[in-house]
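Got the viewer open? Load the model, switch on side chains as sticks, and let's walk through it one selection at a time.

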Amino acid sequence: QGTALFTDQRADTYLEDGPLATWQAHIRGDANSFSADPLLDETGHLRAGSPAQERGLFLSAVDHDFDGDPRGTPPDIGADER
């Protein structure tokens with residue numbers, strides 16, 4: 001619950017407790033990232049309508065989820081494939 005905050009403690013690029021948009025501008029990247037409630041059920045699996053569904057990038061080394069289920073195209077974000 002709440003908003004994620006981002007910190008960069010490198011001396012030449014210091015940032016403390018910035019929101020995602022500030023972090024993205026700070027590093028000039030991470031443009032595809034977003035912050036949202038993933039809508040997990042009580043077992044940690046994605047519920048229907050999760051914003052994590054079909055938002056991931058396919059990686060050949062990660063073709064199955066935590067439960068051993070095959071990844072979709074595009075895959076869901078996180079350890080679970082709905």
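Start by selecting Asp 8, which touches Thr 13, Tyr 14, Leu 15, Trp 23 and His 26, leaving aside residues up to four places away in sequence; contact here means heavy atoms within 4.5 Å. Before going further, note that this is a predicted model, where local features need pLDDT of at least 70 and side-chain atom pairs count only at pLDDT 80 or more, while totals for chains, interfaces and linings use all residues. Residues are numbered from 1 along each chain as its sequence is written, and side-chain values use heavy atoms, with hydrogens and water left out.

Stay on Asp 8 for a moment. Asp 8 sits in strand E1, residues 6-8; helices (H or I, at least four residues) and strands (E, at least two) are DSSP runs, numbered from the N terminus. Is Asp 8 buried or exposed? Its relative accessibility is 5%, so Asp 8 counts as buried. The cut-offs: buried is under 20% relative accessible area, exposed is over 50%, and partly exposed is in between, with a 1.4 Å probe and protein chains only. Now add Arg 10: the side chains of Asp 8 and Arg 10 make a polar contact at 2.6 Å. That term stands for a pair of N or O atoms within 3.5 Å; within protein, one must be able to donate a hydrogen and the other to accept it, and residues adjacent in sequence count only if both atoms are side-chain atoms.

Next, show the strands. E1 and E2 run antiparallel and are joined by two bridges; strands pair if DSSP finds at least two bridges between them. Pick Phe 6 and you'll find its bridge partner in E2, Gly 18. A hairpin of six residues takes you from E1 to E2.

Keep Phe 6 and add Trp 23. What do their rings do? The centres are 5.7 Å apart and the planes are at 25°, so the pair is stacked. Rings of Phe, Tyr and Trp (its six-membered ring) pair if their centres lie within 6.5 Å, with planes under 30 degrees apart counted as stacked, over 60 as edge-to-face and the rest as tilted. Phe 6 belongs to E1 and Trp 23 to helix H1, so the pair ties together parts that are 17 residues apart in sequence. Phe 6 is partly exposed, at 24% relative accessibility, whereas Trp 23 is buried, at 16%.

On the way to H1, click Pro 19, in the loop between E2 (15-18) and H1. Pro 19 is partly exposed at 37% and touches Ala 4, Leu 5 and Phe 6, not counting residues up to four places away in sequence.

Now look down the axis of H1. Leu 20, Trp 23 and Gln 24 are its buried residues. They fall within an arc of 100°, so they line one face of the helix; the arc is that of the directions from the helix axis to the C-beta atoms. E1 and E2 are among what covers those residues. Turn to the face away from the buried side for the exposed residues Ala 21 and Ala 25.

Select Gln 24, in H1 (residues 20-27), buried at 18% relative accessibility. Gln 24 touches Gly 29, Asp 30, Ala 31 and Ser 33, again not counting residues up to four places away in sequence. Right after H1 comes Arg 28, with a positive phi near 55°.
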